[in-house]
Amino acid sequence: MSGYIDVQVNGYYGVDFNSDDLTDDAIVATCRQLRSDGVDRFLPTIITDDLSVMTDRVDRLATACESIPEVAASVAGIHIEGPFISPVEGYIGAHPPQHACHATVDVAMRFIEAGRGWVRLVTLAPEIDGTAELTRRLVDESIVVAAGHSDASLTQHKRAID
């Protein structure tokens with residue numbers, strides 16, 4: 001075992017974790033290929049989309065983690081990247097800008113509840129309204145918060161860290 005951990009895997013080896021057609025077999029095949037390529041653990045990443053679609057995708061991954069021991073052994077947690085990110089061109093990246101939104105605890109808790117303890121990392125933009133309250137709540141839930149897809153100033157980053 002190499003000990004490598006990849007904290008953002010949107011997809012791998014032809015498998016897209018944000019596909020509506022994601023199957024158990026595809027998840028297992030990805031776990032095996034990542035391990036074969038030297039990655040012991042990873043965080044499958046769900047990106048910005050319609051909130052109900054994101055919730056369903058988080059639930060789908062959590063179900064695979066709970067029901068397939070090989071997946072549970074490979075998945076270190078689920079990473080949610082967005083939707084609380086900058087909608088500004090150049091910062092939004094490949095995320096659909098129409099689904100970027102202000103941060104709310106209520107929306108985030110939908111994802112956390114769907115993840116049933118598997119959500120371990122949330123990426124958000126510190127300059128987005130509501131991220132201070134959300135960051136506090138996520139930290140209280142022992143979820144790591146990362147800044148990303150952001151045009152935040154140094155002051156805004158420092159405020160988020162505080």
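**Exercise 1. Glu-70 and its partner**

Task: Work out whether Glu-70 is buried, partly exposed or exposed in this predicted model, then find which residue forms a salt bridge with Glu-70.

Solution:
- Step 1: Start with accessibility. Glu-70 has a relative accessibility of 31% and so counts as partly exposed, since that class lies between the 20% and 50% cut-offs.
- Step 2: Look for the partner. Glu-70 forms a salt bridge with Arg-32, and 2.8 Å separates the closest N and O atoms. That is within the 4 Å cut-off.
- Step 3: Place both ends. Glu-70 belongs to helix H3 (residues 69-74) and Arg-32 to helix H1 (residues 24-36), so this pair ties together parts that are 38 residues apart in sequence.
- Step 4: Check the other side chain. Arg-32 is exposed, because its relative accessible area of 52% is over 50%.

**Exercise 2. More charged pairs**

Task: Find which parts of the chain the pair Glu-66 and Arg-116 ties together, and state how many salt bridges the count comes to.

Solution:
- Step 1: Begin with the contact. A salt bridge joins the side chains of Glu-66 and Arg-116, at 2.9 Å from N to O.
- Step 2: Locate the residues. Glu-66 sits in helix H2 (residues 51-67), while Arg-116 sits in the loop between helix H4 (105-115) and strand S6 (119-124); the pair therefore ties together parts that are 50 residues apart in sequence.
- Step 3: Add the accessibilities. Glu-66 is partly exposed at 46%, and Arg-116 is partly exposed at 34%.
- Step 4: Turn to another pair. Arg-137 and Glu-141 form a salt bridge with their closest N and O atoms 3.2 Å apart. Arg-137 is partly exposed at 33% relative accessibility, and Glu-141 is partly exposed at 35%.
- Step 5: Look for shared partners. Asp-20, Asp-49 and Arg-57 are joined into one network by salt bridges that share partners.
- Step 6: Give the total. The count comes to eight salt bridges.

**Exercise 3. Reading the sheet**

Task: Determine in which order the five strands form the open sheet, and explain why one side of S1 and of S7 is left without a neighbour.

Solution:
- Step 1: Write down the order. The five strands run S1-S4-S5-S6-S7 across the open sheet, and their pairing is parallel.
- Step 2: Inspect the ends. Strand S1 (4-9) and S7 stand at the edges with a single partner strand each, so one side of each has no neighbour in the sheet.
- Step 3: Add the twist. From one strand to the next, the twist averages 20 degrees.
- Step 4: Zoom in on S6 and S7. Four bridges join S6 to strand S7 (residues 144-147), and the two run parallel. In this region, Leu-121 stands opposite Val-144 of S7, and Thr-123 stands opposite Ala-146 of S7.
- Step 5: Follow the connection. S6, helix H5 (residues 131-140) and S7 make a β-α-β unit that is right-handed.
- Step 6: Bring in a packed helix. H2 lies across strand S4 (39-47), strand S5 (78-81) and S6, and runs at about 160 degrees to S4.

**Exercise 4. Classifying aromatic pairs**

Task: For Phe-17 with Phe-42, and then for Phe-84 with Phe-111, decide whether the rings are stacked or tilted.

Solution:
- Step 1: Count the pairs. The structure holds two aromatic pairs.
- Step 2: Take Phe-17 and Phe-42. Their centres are 6.0 Å apart with 25 degrees between the planes, and the pair is stacked, because planes under 30 degrees apart count as stacked.
- Step 3: Locate this pair. Phe-17 is in the loop between S3 and H1 and Phe-42 is in strand S4, 25 residues apart, so the pair links distant parts of the chain.
- Step 4: Check burial. Phe-17 is buried at 1% relative accessible area, and Phe-42 is buried at 1%.
- Step 5: Take Phe-84 and Phe-111. At 6.5 Å centre to centre and 40 degrees between the planes, this pair is tilted.
- Step 6: Locate the second pair. Phe-84 is in the loop between S5 and H4, and Phe-111 in helix H4, so parts 27 residues apart in sequence are tied together. Phe-84 counts as buried at 1%, as does Phe-111 at 2%.

**Exercise 5. Two loop residues**

Task: Decide whether His-95 is buried or exposed, and do likewise for Tyr-13.

Solution:
- Step 1: His-95 lies in the loop between S5 and H4. His-95 is buried, with a relative accessible area of 5%.
- Step 2: List contacts. Leaving out residues up to four places away in sequence, His-95 touches Ile-47, Thr-48, Glu-81, Ile-85 and His-149.
- Step 3: Tyr-13 has its place in the loop between strand S2 (11-12) and strand S3 (15-16). Tyr-13 is exposed, with a relative accessible area of 59%.

Note on methods. Residues numbered from 1 in each chain as written. Predicted model: local features only at pLDDT ≥ 70, side-chain atom pairs only at ≥ 80, totals over all residues. Heavy atoms only, no water. Buried < 20%, exposed > 50% of the residue type's maximum accessible area, 1.4 Å probe, protein only. Pairing = 2+ DSSP bridges. Right-handed = clockwise from strand over helix to strand, strands pointing away. Axes fitted to C-alpha atoms, helices over the stretch in contact; angles between N-to-C directions. Contact = heavy atoms within 4.5 Å. Phe/Tyr/Trp six-rings, centres within 6.5 Å; stacked < 30°, edge-to-face > 60°.
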